[in-house]
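Subject: Structure handover, with notes on aromatic contacts

Hello,

Here is the structure I said I would pass on. My notes follow below it.

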Amino acid sequence: MALVFLDLDETLLDGDSDYEWGRYLATTGKVDRTTYEKENERFYREYLAGTFDILEFLDFALKPLAENSYAELCRWRSRFVETRIRPMIKAKAHELISQHREAGDELVIITSTNRFIVEPICELLEIENLIATEPAQENGEFTGAVEGIPCFGPGKVTRADQWADSCSKSLQDSYFYTDSFNDLPLLEHVGFPVAVDADEKLAAHASKLGWKQISLKS
């Protein structure tokens, strides 16, 4: 039984759930549309360009969680997942998940997106294990701060290592599926790196090193 780490955004989903959550908040009037959309677009471009500052982004992205009640956020999230996320699941994502499940592998979604957004997406994909950026809470409400290590870049390696240790397994025997060159630290840390609908930089790097490349699109 192998550990199989699966990135979420642009890997299992044909889009980015963090970015779409921001768009959803803006277009439904939950935040100031002009200001929020401008910043949301900026951070997304920086992510694609590899100049992304995860801590600066989290200050921005977790603010709406802190400014609204948990109960209200959950109502918004339910509508968001049904209208925006369910249609974004790639055609062959369930097929890949089923292949590893039938092989007896342990499936783990690992993502820089915060847990609040991703938990119901894991339910849609029928994957129980989740490693995500953790938004801090006090008395059941979000504070706007981050708890622990953000699950991005080298932090994703640390979090994956911790998970593997808890299962008494090695990342050298693990798989990691992702689309993004930003995930290079973890790709280089596992035994079986797989590029999925890879961005231009990752596709070139994967070709150079002979890594497996696949598409989950129809």
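How many aromatic pairs does a search of the whole structure find? The search gives 19 aromatic pairs. Please keep in mind that this is a predicted model. I describe two of the pairs here, then the strands around one of them.

A pair of aromatic rings is described by the distance of the centres and the angle of the planes. For Phe43 and Phe60, the centres are 5.3 Å apart and the planes make an angle of 35 degrees, which puts the pair in the tilted class. Phe43 belongs to helix 2 (residues 33-49) and Phe60 to helix 3 (residues 54-61), so the pair links distant parts of the chain, 17 residues apart. Phe43 and Phe60 are both buried.

The second pair is Tyr175 with Phe192, and this one is stacked, at 4.7 Å centre to centre and 25 degrees between the planes. Here too the pair links distant parts of the chain: Tyr175 is in strand 5 (residues 175-178) and Phe192 is in strand 6 (residues 192-196), with the two positions 17 residues apart in numbering. Are these two rings buried or exposed? Neither label applies, because buried requires under 20% relative accessible area and exposed over 50%. Tyr175 has 24% relative accessibility and counts as partly exposed. Phe192 has a relative accessible area of 39% and is partly exposed as well.

Back at the helices, Phe43 and Phe60 also belong to one aromatic cluster, together with Tyr36, Tyr47, Phe52, Phe57 and Phe152. Phe43 has a charged neighbour too: the charged end of Arg42 sits over its ring, 4.3 Å from the centre. A similar arrangement involves Arg77, whose charged end sits over the ring of Phe116 at 4.2 Å from its centre.

Now the strands. Strand 6 is largely enclosed by the rest of the structure, because 4 of its 5 residues are buried. On one side, strand 6 pairs with strand 5 in the parallel sense over 4 bridges, and Phe176 stands opposite Pro193 of strand 6. Strand 6 is also joined to strand 7 (residues 212-214) by 3 bridges, and these two run parallel. Within that pairing, Val196 has Ile214 in strand 7 as its bridge partner.

What do strand 6, helix 10 and strand 7 make? With helix 10 covering residues 200-209, they make a right-handed β-α-β unit.

Regards

Methods
Residues numbered from 1 in each chain as written. Predicted model: local features only at pLDDT ≥ 70, side-chain atom pairs only at ≥ 80, totals over all residues. Heavy atoms only, no water. Phe/Tyr/Trp six-rings, centres within 6.5 Å; stacked < 30°, edge-to-face > 60°. Buried < 20%, exposed > 50% of the residue type's maximum accessible area, 1.4 Å probe, protein only. Lys NZ or Arg CZ within 6 Å of the ring centre and 35° of its normal. Pairing = 2+ DSSP bridges. Right-handed = clockwise from strand over helix to strand, strands pointing away.
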